[in-house]
Amino acid sequence: MDILVIGSVAFDSVETPFGKRDDVLGGSATYFSTAASFFSAVRLVAVVGDDFPAEHKSFLNERNIDLSGLQTRAGKTFRWKGEYGYDLNEAHTLETHLNVFESFHPEIPEIYRDSPFVFLANIDPHLQLEVLKQVQRPRLVACDTMNFWIEGKRDALVDTLGHVDILVINEAEVRQLANEPNLIKAARSILKFGPKTLVVKRGEYGVLVFGEHSVFSAPAYPLEEVFDPTGAGDTFAGGFVGYLAATNNLSDAAIRKATVFGSVMASFTVEDFSLDRLRHLTWDDIEERFRRFQALTDFEGLD
Ligand code: AMP
């Protein structure tokens, strides 16, 4: 099943305790699409400036990501600059330049309008809503956001959430959005905004998935070397939605397995800067790590 995604395609400048990169390929939609493309066909809606190099477009094209919805406009591509301390769970945003996104209005190509799976990656919630107005009722709408939009465009975000089935956000953002310090209470109140499922990303502590009557917990894959956590959340979402779209199954069991595939994909992204680890990732690598993940959490049948 095809996935339609809207989000940022960006140049990122990132500094972590293990290195520094300037103006490398990034963006929420870029990480999402690349991860999801290991599972399903992806249709990307975004905008870049005329400074965006052809090699980045070829990389996405080679991953079988349909770029008919990627507009190129005069001006500069979205730029984000961030840094991490030794606690790699928390990104500190130094600069956000929306650039061509400031005047962007998504136009969903006719052939994308019946997309059964839609992912609203982290971007202005007004743009997320504009996309939903142009598609026929999809089988699944999932959504991400961040503190930047919770602080700046809260009302539009809450409007968007009224049309979303699954919200995927960071732990700190759950508390911020609900205005409630207790995570469980915060999750319950966010589910009242509309989503039936809330996926809480907790960095190296894993993921908690809240349904109406259930909670599921998955650890993060323990890694000795983490170089750059940028994109981990979007890559998680790509594996998560990618798996659901590939199986076209939205059962509780499928959501649990999708959570593990999302965690597997995120564990690769953080092993290198930008999308570099995903560039040479194979399906065998993914399956092998999935099996290790199973062994990591297995406590039955070992006697
Ligand atoms: P994450 O998966 O949460 O680490 O997301 C990292 C990506 O989000 C980076 O590649 C940034 O380009 C992108 N990003 C950062 N701030 C924003 C924003 N305000 N809107 C959209 N995308 C953003």
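**Close-up 1. Helices H1 and H8 cross in a right-handed way.** In this predicted model, helix H1 covers residues 28-36 and packs against H8 at an angle of about 40°, with the two axes 7 Å apart. That angle makes H1 oblique to H8. From H1, look for Ser-28, Tyr-31, Phe-32, Ala-35 and Ala-36. Across from them, H8 brings in Asp-234, Thr-235, Ala-237, Gly-238, Gly-239, Val-241 and Gly-242. Sort the residues of this H1 and H8 contact by class and you get 6 nonpolar, 5 polar and 1 charged.

**Close-up 2. Helix H8 meets H9 here, again with a right-handed crossing.** H8 runs over residues 232-247 and H9 over residues 252-269. Their axes come within 7 Å and cross at roughly 140°, so H8 counts as oblique to H9. On the H8 side, the residues to pick out are Ala-232, Thr-235, Phe-236, Gly-239, Phe-240, Tyr-243 and Leu-244. H9 answers with a list that includes Ala-254, Ile-255, Lys-257, Phe-261, Met-265 and Thr-269. The H8 and H9 contact holds 11 nonpolar, 6 polar and 1 charged residues. Thr-235 and Gly-239 are worth a second look: they turn up in the contact with H9 and also in the one with H1.

**Close-up 3. Helix H9 also passes H11, and this crossing is right-handed too.** H11 spans residues 283-297, and its axis comes within 10 Å of the H9 axis, with a crossing angle of roughly 120°. H9 offers Lys-257, Val-260, Phe-261, Ser-263, Val-264, Met-265, Ser-267 and Phe-268. Their partners in H11 are Trp-283, Asp-285, Ile-286, Arg-289, Phe-290 and Phe-293. By class, the H9 and H11 contact splits into 9 nonpolar, 2 polar and 3 charged residues. Lys-257, Phe-261, Ser-263 and Met-265 take part here as well as in the contact with H8.

**Close-up 4. The ligand sits among 18 residues.** Of these, Ser-8, Asp-12, Gly-27, Gly-231 and Asp-234 come nearest. Zoom in on Asp-12 and you'll find an N or O atom of its side chain 2.5 Å from an oxygen atom of the ligand. Asp-234 has a polar side-chain atom 2.7 Å from a ligand oxygen atom. Asn-122 does things through its backbone: an N or O atom there lies 3.5 Å from a nitrogen atom of the ligand. Asp-234 ties this view back to the opening one, as this H8 residue also meets H1.

Notes:
Residues are numbered from 1 along each chain as its sequence is written. This is a predicted model: local features need pLDDT of at least 70, side-chain atom pairs count only at pLDDT 80 or more; totals for chains, interfaces and linings use all residues. Side-chain values use heavy atoms; hydrogens and water are left out. Axes are lines fitted to C-alpha atoms, for helices over the stretch in contact, and angles run from 0 to 180 degrees between N-to-C directions. Helices (H or I, at least four residues) and strands (E, at least two) are DSSP runs, numbered from the N terminus. Angles under 35 degrees count as roughly parallel, over 145 as roughly antiparallel, 65 to 115 as roughly perpendicular and the rest as oblique. A crossing is left-handed if the near helix is turned anticlockwise from the far one by less than a right angle, and right-handed if clockwise. Contact means heavy atoms within 4.5 Å. Ala, Val, Leu, Ile, Met, Phe, Trp, Tyr, Cys and Pro count as nonpolar, Asp, Glu, Lys and Arg as charged, and the others, Gly among them, as polar. A residue is near a molecule or strand if one of its heavy atoms lies within 4 Å of it. A polar contact is a pair of N or O atoms within 3.5 Å; within protein, one must be able to donate a hydrogen and the other to accept it, and residues adjacent in sequence count only if both atoms are side-chain atoms.
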